[in-house]
Amino acid sequence: MRISLIAPVMAVAATMAAAGAAGTRTGDPDTGQALAQRWCTACHVVGSGDTGTDAAPAFATLARRHGDDPGWMRAWLSRSHPRMPDLHLSRAEIEDVIAYLGTLPR
């Protein structure tokens, strides 16, 4: 490739990379924690001061079991399940809950 073409090719590559990065959203752990405390504490223990039931795993347990696999968590939160209400979480809300789970110790 000639030197005169390197700068325009690099500019196009940088623009495409920036556009791709702008299309992805990183979840917000604080929003995820607030969502979990609002919607999940009836069954799950979300934080240290929350109550839940023994019918559903604590969020700390979920983080230990699946915290390294956000794809699994994304798929789980995207579908309804027996014994778990279909919350119809948006993609952004799912990413927020996953980000919160990512802050919990494993």
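Start by selecting aspartate 96. Leaving aside its neighbours within four places in sequence, aspartate 96 is in contact (heavy atoms within 4.5 Å) with Arg25, Gly27, Asp28, Pro29, Thr31, Gly32 and Leu35. This is a predicted model: local features need pLDDT of at least 70, side-chain atom pairs count only at pLDDT 80 or more, and totals for chains, interfaces and linings use all residues. Residues are numbered from 1 along each chain as its sequence is written, and side-chain values use heavy atoms, without hydrogens and water.

**Helix α5**

Aspartate 96 sits in helix α5. Helices here are DSSP runs (H or I, at least four residues), numbered from the N terminus. Aspartate 96 is buried, with a relative accessible area of 4%. Buried means under 20% relative accessible area, exposed over 50%, with a 1.4 Å probe and protein chains only.

Now select residues 91-103, the whole of α5. The expected span is 1.5 Å times one less than the number of residues. For these 13 residues that gives 18 Å, and the end C-alpha atoms are 19 Å apart, which agrees. Buried in α5 are Ile94, Glu95, Asp96, Val97, Ile98, Ala99, Tyr100 and Leu101. They pack against α2 (29-39), α3 (59-66) and α4 (70-78).

**Helix α2**

Move to α2. Its buried residues are Gly32, Leu35 and Ala36. Seen down the helix axis, they fall within an arc of 100 degrees, so they line one face. That arc uses the directions from the axis to the C-beta atoms. The buried residues pack against α3 and α5. Turn to the face away from the buried side: Asp30 and Arg38 are exposed there.

**The largest pocket**

Next, select His44, Ala56, Leu62, Trp76 and Met84. The largest pocket has a volume of about 570 Å³. Of the 24 residues that line it, those five are the closest to its centre. α2, α3, α4 and α5 each give two or more residues to the lining. α4 gives the most, with four. On a 1 Å grid over the protein atoms alone, a pocket is an open set of points with protein on both sides within 12 Å along at least five of seven lines; lining residues have an atom within 4 Å of a point.

**The cavity**

Last stop. A cavity is a set of grid points where a 1.4 Å probe fits but cannot get out. The structure holds one of 30 Å³ or more. The largest cavity has a volume of about 50 Å³; volume is the space filled by probe spheres set on the points, joined across faces, edges and corners. Select its lining: Leu77, Arg79, Ser80, Met84, Pro85, Asp86, Leu87, His88 and Leu89.
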